Amino acid sequence: MEIRTVFHKKLREIQDDVRVMGSMVEQATSRSIEALRERDLKRAGEIIADDLKINRKRFEIEEKCVQLIATQQPMASDLRAIIGVLNIITDIERIGDHAEGIAKIVVMIGDEPPLKPLVDIPRMAEKANDMLHRSLDALINHDATSARQIAAEDDEVDNLYNQVFRELLTFMLDDPKTITRATRLIWVAHNLERSADRVTNICERVVYMVTGKMEEIGVSKY
Amino acid sequence: MPPANDVFEVKKLNVWYGNFQSLRDINLTIKRHAVTAIIGPSGCGKSTLLRCFNRMNDLVNGARVAGEVLLNGQDIYSPAVDPTEIRSHIGMVFQKPNPFPKSIFENVAFGLRVNGYQGNLEEAVESSLRRAALWEEVKERLHKSALALSGGQQQRLCIARGLAVEPEVILMDEPCSALDPVATLKIEDLMRNLAESYSIVIVTHNMQQAARVSDMTAFLTMADDRAGILVEYGTTAELFSNPRDKLTEDYITGRFG
């Protein structure tokens, strides 16, 4: 017989909030790449402005967690769930900052002509977003196996990053006039690479919440 | 010989009240100079287990105990052992403070007088009251009635009374359930300090209290026939953050009652 129904309902609400915050960040990341591709400065400005909403969402969730700890004295898996969420929202917020970072690079690039068609950078964004989405599924489903699996996929993003870096390097070697534009694209790729690293942190927290063990999984090459 | 850091060793302890089995096959060790909490739902045998440590169950009609309870390696249930002698090594504090209707001083001096204490009674009383963190509050009115003290002070007086006879172990059965939150925190603080010199075993319904004060926690529950069984025993930090057993998890997170 479940006794603490009210408390557990609140805990589920917090996890739903984390899912909402995750969606906000996924959207920011994909919109930032669209803005980059389309040289859409207006959209870039919106992403930068919307980052405040993501930050506020994070504070809202944090506040709810603190209130639950203060008033409900959670124990065992409940305690780990709340501590896990507190850590996870920090990483989600940082992923939002990376999206904002890309939008700022878009503003910097302005209406400069594209150096080359974007291929691997959108793939990185897609992969990072997919990993984020599934890591939050793992959170909600208490699925440590998936969490470990997702963290291991960070290698794919690292490989793409490496590929982008090498390709842009050839442009710069061929024609030093491309250095500014190429460097900015490397910054974009770096933001995405960091986003995927943040997802591995989220995965570590999910493993902790489920198993009670703090373990480092998927050590990034970068 | 038991390891020197264990004060009690319980081996295959079974307790019956008439035909009803209250505890079944309990095995655990109580660490010296630590606070050990016993938690579990009502009727799981927490208090019965506590009362086995000073043979208080002998006083219950129809109670029968099988198995061993070793105090420093000696079975306190062996026929050669005098239960009164055992109880002089093991103080007990109950749910409701139960001071004698005497002065504060006489309450603490009582056990010493009974034992024919030859030393300086005033010094011994003061020392006990200090160790129970009560001295500063009562030093001006030692010869006033103990019954005039607040509930929290009375409970600390009962602890001082127990300390006066220099016990090795202090058993506490829900020592704070009749106290307000401030008095409760004072007793909890006192328990932490006393654990430097004594071994404390506490039964509590308040899981947060167990989490706050204890070093080790034992979780008991009832089997299908309602006999109390030990589900999990370990460090308090581990048991409350990452219990090994699903039954413990369900109990401390309120998913089972």
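## A tour of pockets, a cavity and two cores

Start by selecting helix 1 (5–38), helix 3 (76–109) and helix 7 (179–211) of chain A, then add helix 10 (246–252) of chain B: each supplies at least two residues to the lining of the second largest pocket. Keep in mind that this is a predicted model.

**Stop 1: the second largest pocket.** Which helix gives the largest share of this lining? Helix 1 of chain A does, with 5 residues. The pocket holds about 370 Å³ of space. Its lining has 17 residues. Show Leu11(A), Ser77(A), Asp78(A), His142(A) and Arg255(B), the closest of them to the centre. Now colour the lining by class. You should find 5 nonpolar, 4 polar and 8 charged residues.

**Stop 2: the largest pocket.** Move to chain B. Select helix 2 (83–89), strand 6 (90–93), helix 3 (104–114) and helix 6 (151–164). Each of these chain B elements supplies at least two residues to the lining of the largest pocket. The volume here is about 620 Å³. Zoom in on Arg87(B), Ser88(B), Ile90(B), Gly111(B) and Val165(B), which are closest to the centre among the 19 lining residues. By class, the lining divides into 9 nonpolar, 8 polar and 2 charged residues.

**Stop 3: the cavity.** Return to chain A. How many cavities of 30 Å³ or more are there? The count is 1. The largest cavity contains about 70 Å³ of space. To see its walls, select Lys116(A), Leu118(A), Val119(A), Asp120(A), Ile121(A), Val164(A), Glu167(A), Leu168(A) and Leu185(A). Helix 4 (120–141) and helix 6 (154–174) of chain A each give at least two residues to this lining. Helix 6 of chain A has the largest share, 3 residues. The cavity lining has 6 nonpolar and 3 charged residues, but no polar ones.

**Stop 4: the largest nonpolar core.** Keep Ile121(A) selected and add Val18(A), Ile88(A) and Ile92(A). These four touch the most other members of the largest nonpolar core, which has 63 residues. Helix 1, helix 2 (41–72), helix 3, helix 4, helix 5 (144–152), helix 6 and helix 7 of chain A each give two or more residues to this core. Now centre on Val18(A). What does Val18(A) touch, leaving out residues up to four places away in sequence? Its contacts are Ile61(A), Val85(A), Ile88(A), Ile89(A), Ile92(A), Leu136(A) and Leu139(A).

**Last stop: the second core.** Finish in chain B. Select Ala109(B), Leu121(B), Ala210(B) and Tyr251(B). They are among the 49 residues of a second, separate core.

Conventions
Residues numbered from 1 in each chain as written. Chains lettered and ligands numbered in written order. Predicted model: local features only at pLDDT ≥ 70, side-chain atom pairs only at ≥ 80, totals over all residues. Heavy atoms only, no water. 1 Å grid on protein atoms, 1.4 Å probe; cavity = no way out; pocket = protein on both sides within 12 Å on 5 of 7 lines; lining within 4 Å. Points joined across faces, edges and corners; volume = space filled by probe spheres on them. Helix = DSSP H or I, 4+ residues; strand = E, 2+ residues; numbered from the N terminus. Nonpolar A, V, L, I, M, F, W, Y, C, P; charged D, E, K, R; others polar. Core = buried A, V, L, I, M, F, W, Y, C linked by side-chain atoms within 4.5 Å. Buried < 20%, exposed > 50% of the residue type's maximum accessible area, 1.4 Å probe, protein only. Contact = heavy atoms within 4.5 Å.
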